[in-house]
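Q: Please pick one part of this structure and take me through it closely. I'm new to this, and I'd like each term explained along the way.
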Amino acid sequence: ITMGISDEKIQRINELARKKRTVGLTEGEVQEQAALRQEYLEGFRANMQQVLDNVRIQRPDGTIERLQKKRPN
């Protein structure tokens, strides 16, 4: 299952993180980092939702049902 973000973009995220720890980032790089992180998180969330949508639970009586979303309190 892919997360929808290219290896090049992940490498760039890591490159910017290393640069931030060592010499700091320019304002443009800070904005680029934020945009890349947002894209990464959106892909991660979509992937996780797809995984959860495919989870099935087998009850003790043998029935199989989909995982239900937790209701807010």
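A: Helices (H or I, at least four residues) and strands (E, at least two) are DSSP runs, numbered from the N terminus. With that in hand, Leu 67 is easy to place: it lies in the segment after strand E2, which covers 64-66. The model is predicted, with local features needing pLDDT of at least 70 and side-chain atom pairs counting only at pLDDT 80 or more, while totals for chains, interfaces and linings use all residues. Residues are numbered from 1 along each chain as its sequence is written, and side-chain values use heavy atoms, leaving out hydrogens and water.

Let's start with Leu 67 and then move to the pairing of helices H1 and H2. Leu 67 has a relative accessible area of 38%, so it counts as partly exposed (buried is under 20%, exposed is over 50%, and partly exposed is in between, with a 1.4 Å probe and protein chains only). Leu 67 helps to make a nonpolar surface patch of about 530 Å², together with Tyr 40, Leu 41, Phe 44, Met 48, Val 51 and Leu 52. Patch members have over 30% relative accessible area and no salt bridge; like charges are joined within 9 Å and nonpolar side chains (Val, Leu, Ile, Met, Phe, Trp, Tyr) within 5 Å. The areas come from the Shrake-Rupley method with a 1.4 Å probe, and for residues only the protein chains shown count as cover.

Now for the charged pairs. A salt bridge is a side-chain nitrogen of Lys or Arg within 4 Å of a carboxyl oxygen of Asp or Glu, and a search of the whole structure turns up five of them. One joins Glu 32 to Arg 12, with the closest N and O atoms 2.9 Å apart. Glu 32 lies in helix H2 and Arg 12 in helix H1 (residues 7-22), so this pair ties together parts that are 20 residues apart in sequence. Both partners are partly exposed: Glu 32 at 29% relative accessibility, and Arg 12 at 23%.

Another salt bridge runs between Glu 29 and Lys 19, where the closest N and O atoms are 2.7 Å apart. This pair also links distant parts of the chain, since Glu 29 sits in helix H2 and Lys 19 in helix H1, 10 residues apart. Is Glu 29 buried or exposed? Glu 29 is buried, because its relative accessible area is 14%, whereas Lys 19, at 29%, is partly exposed. Contact means heavy atoms within 4.5 Å, and apart from neighbours within four places in sequence, Glu 29 is in contact with Arg 12, Leu 16, Lys 19 and Gly 24.

Leu 16 leads us inward. Again leaving aside neighbours within four places in sequence, Leu 16 is in contact with Leu 25, Glu 29, Glu 32, Gln 33 and Leu 36. Leu 16, Leu 25 and Leu 36 also belong to the largest nonpolar core, a group of five completed by Ile 5 and Ile 13. A nonpolar core is a set of buried Ala, Val, Leu, Ile, Met, Phe, Trp, Tyr and Cys residues joined through side-chain atoms within 4.5 Å. In soluble globular proteins, nonpolar side chains tend to be buried together.

One more salt bridge rounds off the tour: Glu 65 pairs with Arg 59, the closest N and O atoms being 2.9 Å apart. Back at the helices, salt bridges that share partners join Arg 12, Glu 15 and Glu 32 into one network.
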